[in-house]
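Subject: Structure handover

Hello,

Here is the structure I promised to pass on. Please open it next to this note; my findings follow below.

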Protein chains: 2
Amino acid sequence: MSLIFLKFSSILILLIFPNFVNSLWPLPQNWSNGTSLLRVYPTFTVKYDPKFLNSYTDQLIESAKNRLQIFLKKEKHFSPNVKFQIPEDVDDSILTLSSINIEITDNLKKDQDDSEEEYIDWTYNKEMSEGIPLGTDESYELIIPDKKDDNEKELIAYLKAPTVYGILHGLTTFSQLLYYNRNYEELFLPFAPHNIKDFPKFMHRGLLLDTSRNFYPIKEILKTLDVMSWNKMNVFHWHIVDSTSWPVVSEKYPELSEKGAYDPKKMIYTKRDIRIVDEYARARGIRVIPEFDMPGHTYAIAASMPEIMTCTDMYPDWDKYSAEPPSGQLNPAIPETYTFLNELVPEIASYFTDKFYHTGGDEVNMNCWETLVQQGDVTIESLLDKFVTNLYTILKNEGKIPMTWQEMITEHNIELPKDTVVQVWKNHTMVKKVVEKGYRVVTGSGDYWYLDCGHGGWLGNNVEGKSWCDPYKTWQMIYSYNPIKELSDEEAKFVIGGEVLLWSEQSDPTNYEQQLWPRSSAAAEVLWSGPEDVDGNRRVPDNDALKRLNDWRFRMVERGINAEPLQPLWCVLTGRCDKAVTTEEINKNA
Amino acid sequence: MSLIFLKFSSILILLIFPNFVNSLWPLPQNWSNGTSLLRVYPTFTVKYDPKFLNSYTDQLIESAKNRLQIFLKKEKHFSPNVKFQIPEDVDDSILTLSSINIEITDNLKKDQDDSEEEYIDWTYNKEMSEGIPLGTDESYELIIPDKKDDNEKELIAYLKAPTVYGILHGLTTFSQLLYYNRNYEELFLPFAPHNIKDFPKFMHRGLLLDTSRNFYPIKEILKTLDVMSWNKMNVFHWHIVDSTSWPVVSEKYPELSEKGAYDPKKMIYTKRDIRIVDEYARARGIRVIPEFDMPGHTYAIAASMPEIMTCTDMYPDWDKYSAEPPSGQLNPAIPETYTFLNELVPEIASYFTDKFYHTGGDEVNMNCWETLVQQGDVTIESLLDKFVTNLYTILKNEGKIPMTWQEMITEHNIELPKDTVVQVWKNHTMVKKVVEKGYRVVTGSGDYWYLDCGHGGWLGNNVEGKSWCDPYKTWQMIYSYNPIKELSDEEAKFVIGGEVLLWSEQSDPTNYEQQLWPRSSAAAEVLWSGPEDVDGNRRVPDNDALKRLNDWRFRMVERGINAEPLQPLWCVLTGRCDKAVTTEEINKNA
């Protein structure tokens, strides 16, 4: 009944505002709106009454409030295609929204019998060290009225959520409802009242950035976290090391970065850098999952510890030993490797607060280990099994949940702990295979969600310039990916989400923003709003989506992000550049 | 004999410096070098003795000197792959290059019998108003010794050229020989002595930028001109207006931009803006060729002058009337159109000093004009002929040489003045067709040199996201294009050069730098150095080219240009990422 009403009212709105463009990205699950215009001054305030004993949450709210205040002063988004009229008697006829009331509805349960002060310390330290709890409820409800309550002097918006993370998303949505007007030099909030009930379809909405093949300074990562939060993405998958470089500074093995980073002073991530990233992300509702890819993709370790490596930098026929140059894998047959893991992994894992730790595990090359099994009765698979068992045991002791690339399941048939999360990258059909073996899946396969593809091959002497992952994944292709397609409802429950991926063979700070945005936004909407709307209709990259994405892209540009344009400005302004009704179709319809 | 010696000496150098990477881009036609290392201080001076009476040339030299002085202070390029040793006793063992002597060898001939003062004014005004003469000799000779002349106290480089434009290229080459060392905080010049005799293969080495579909502020255009000059490109083809917007401010028809620009105050090019671009370009040896595309691609005119337009903004079946939305063509059947051309074209043509004026002429749609010929005995082709004849007559009277897109020759069979330069864009096979009809050609076809391709379709409701000009043109593809392939030597003479093209449907200031660079550099080398080396060997995008291009790309980045990376930094540093000798090939060779 309410759905029918919603539909009906939105038809009404479309009739009244033929140019009305929905402007939120990702689209909320439930949203009704009206036709009133409100003003919002920079003096707009956020009201939050800390009701329960959790100072860490309060700290997050406080920093979100500060961000919103800064935003209210800085936001200058003048939409090219969201249109509304400002009446001439604006001072008399338009209400001003004065504040937003924030309420966290689920009080934390006091699960131990301590004094109040002890409890504060306990929850604070617990949250500080454990990061964002898995399965956190990210839903929120945002109400922006266009009439004052009888008992209120001012017009007030309401934002409610069970957790602080829902509140963060709600504030993000609120910010997307505001438009700057250059003539009035003010923010306006059109199409009120707004009633939004929103929640994510998938719990894992990620973006992978590879900081090994080319290096990214911390400030670029922080900027990316900002944009992710605006898109309600909540997982930063940090592919932090690889064969090409090891930028992470370890206190136990300082030579790893001294010899394995591109620049041991400038192109590194210290423990402090990582903590900054982790904290910055958490304050925006984003989990940081580090990936220390092993046992393959580890050549960079050879610079300091050649003795635990095999098949290092086999040149020029590296492709017998590796998917990419330079070749090199950890040696699983000698105890020194396990000493290394036992020392290193707990240290680097402890730099990150998230429960998940990505073990890598992709593209393990069997030729590389062939010489290890020539004498004796071990097999290569048993060596891999030994390596994995050791690594996963360390992680279990550290309280971490392992993630792995798909090959461990789809190619090696290794028995992993059932809480392992398996990431599919080769192609979508592998999702079902992994689910059938009972593992949770994060997807984002090379045929849909690889953001680096399409700029050709990068190997020298590749005179044709082609690449396996051609072509470029357009926003349309990304948007059309359904992470749970061809799965039963029961199987779909195993898919906890997906990630877009930027491998950095041909990316670095000069061009990554353009590659990430707005295409990652397309994936963000699939993961938040879901591949289908509330009526079960498949979302498609049609005109409605494009208009909304155009508006969102221009807003991101206005906020300082070099997101690529999708159309000539004329098309954005007019919306009159959709695919033509072809002559054939005209004749057919005649 | 000298060639054999050159070859032999470079083998010697390679033996001594196994990591030696040629570092110039585009590669000079003739270049020999040695093994000495020189220092270059910021106090390095440029000596130029104005020998003849041409103060405009002197002015260009003066500004080039200033640029070099600034460059010597700012250049911080620390090459990732050009390696040379700095000896510990650097102060004692290394010579310092103190200055460069510039000489223009071809004195202008005094072709009238005036007083000296009058002659100065005459040449100055002539050059000022006429722009860079067509067919200017751009060759230069650069000598950087590693030993002092007997009669000199200091080590001096020599740069000689017949024209100031050759001098500019020589200074560009000189700047590419310098490397900054972070430890010494100084510029070094390795591999001296250098003897370079250089000249371009093609006279027309262009880059097209479309500033209509999306707008570019003047400062972006000036930046692009800088980078073009570093790449020895000498034609900026300014596709300045199109159907989507008319940013050019005309004094005679101010409404064209008032109503046809995206923003009549901010997104416009005034006469002053254009003069700044023209001057800035000329000071860097670059000609600016404006394109006012007509009679198609003119919808933007309809905003102010609907009465001279046909089939404007036919929606939604625009594709019957136009290659792209919005549709709209000038009406060739009414006198008002010719009044407009007679007034407008001389005005806007006069804003540019170059001899060439690009008339557009592509994608004229015959359906659009169908209604014009239903009564009467005219044909659409005769209307087009009438339009072209009128337009070209105006240009002739203004002393301009017309350029046109290929369709006028390959599709309409219109008789054009024989000095018309025809630009081929559809595909390379058309070059021969045009040459056979006796016209000069500029090439840069969509199958090789379109820089905008590969990011998918931009029309709304294009749910598959594909585009006619997919895939992305990799640097390898661009580098492998031979503008004169399949032509006889006689035919090849008609090909005066080529252009890379950035159409801006999906480009604007957020992403155009990454799309232009370093791929335009690949074309720049084809056009300057030629598709074959001096021995007639075809240039290919092999490891040698890639290493040099990597070095050049990093230098451009260091100079503030967001040129895309081509490889992981590890590959750039080591040069060990060439395509593997595959197992198959190993077996074959065994």
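How much area is buried between chain B and chain A, and what part of it do carbon and sulfur atoms give? About 5,700 Å² is buried between the two chains, and carbon and sulfur atoms account for 55% of that area. Bear in mind that this is a predicted model.

**Between the chains**

Each chain puts residues into this contact: 65 from chain B and 65 from chain A. On the chain B side, the most area is lost to chain A by Thr510(B), Trp570(B) and Arg576(B). Together these three make up 11% of what that side buries.

Now the symmetry. A turn of 180 degrees, with a shift of 0.0 Å along the axis, lays chain B on chain A with an RMSD of 0.0 Å. The two copies are therefore related as by a two-fold rotation axis. The same surface serves both copies, since 98% of the contact residues of chain B recur in chain A.

Next, the polar side of the interface. There are four salt bridges between chain B and chain A. One of them joins the side chains of Arg553(B) and Asp508(A), at 2.8 Å or not? The value is 2.9 Å, N to O. Correction to my wording just above: disregard the figure in that question, as the Arg553(B) to Asp508(A) salt bridge is at 2.9 Å.

Polar contacts link 39 residue pairs between chain B and chain A, with both residues at pLDDT 80 or more. Three helices of chain B each supply at least two residues of the side that touches chain A: helix 17 (543-558), helix 18 (569-574) and helix 19 (583-589). By class, that side of chain B has 27 nonpolar, 23 polar and 15 charged residues.

**Between the domains of chain A**

Chain A is split into domain 1 (2-198) and domain 2 (204-528). Their C-alpha centres lie 35 Å apart. In contact are 25 residues of domain 1 of chain A and 24 residues of domain 2 of chain A. The two domains bury about 2,100 Å² between them, 54% of it on carbon and sulfur atoms.

Which residues of domain 1 of chain A lose the most area to domain 2 of chain A? They are Trp25(A), Pro26(A) and Leu134(A), together 31% of what that side buries.

The count between these domains is one salt bridge. The side chains of Arg205(A) and Glu138(A) meet in a salt bridge at 2.8 Å, N to O. Eight residue pairs are in polar contact across the domain interface, both residues at pLDDT 80 or more.

Helix 2 (55-74), helix 4 (116-130) and helix 5 (164-176) of chain A each give at least two residues to the side of domain 1 that touches domain 2. Helix 5 of chain A provides the largest share of that side, six residues. The residues of that side divide into twelve nonpolar, eight polar and five charged.

**One residue in chain B**

Asp58(B) sits in helix 2 (residues 55-74) of chain B. Its side chain makes a polar contact with the side chain of Tyr48(B), at 2.8 Å. Asp58(B) and Leu187(B) are 129 residues apart along the chain, and their C-alpha atoms are separated by 27 Å.

Best wishes

Key. Residues numbered from 1 in each chain as written. Chains lettered and ligands numbered in written order. Predicted model: local features only at pLDDT ≥ 70, side-chain atom pairs only at ≥ 80, totals over all residues. Heavy atoms only, no water. Domains from an automatic or database assignment. Contact = heavy atoms within 4.5 Å. Buried area = accessible area lost by both parts, 1.4 Å probe. Polar contact = N/O pair within 3.5 Å; in protein donor to acceptor, adjacent residues only side chain to side chain. Helix = DSSP H or I, 4+ residues; strand = E, 2+ residues; numbered from the N terminus. Nonpolar A, V, L, I, M, F, W, Y, C, P; charged D, E, K, R; others polar. Least-squares fit on C-alpha atoms with pLDDT ≥ 70 in both.
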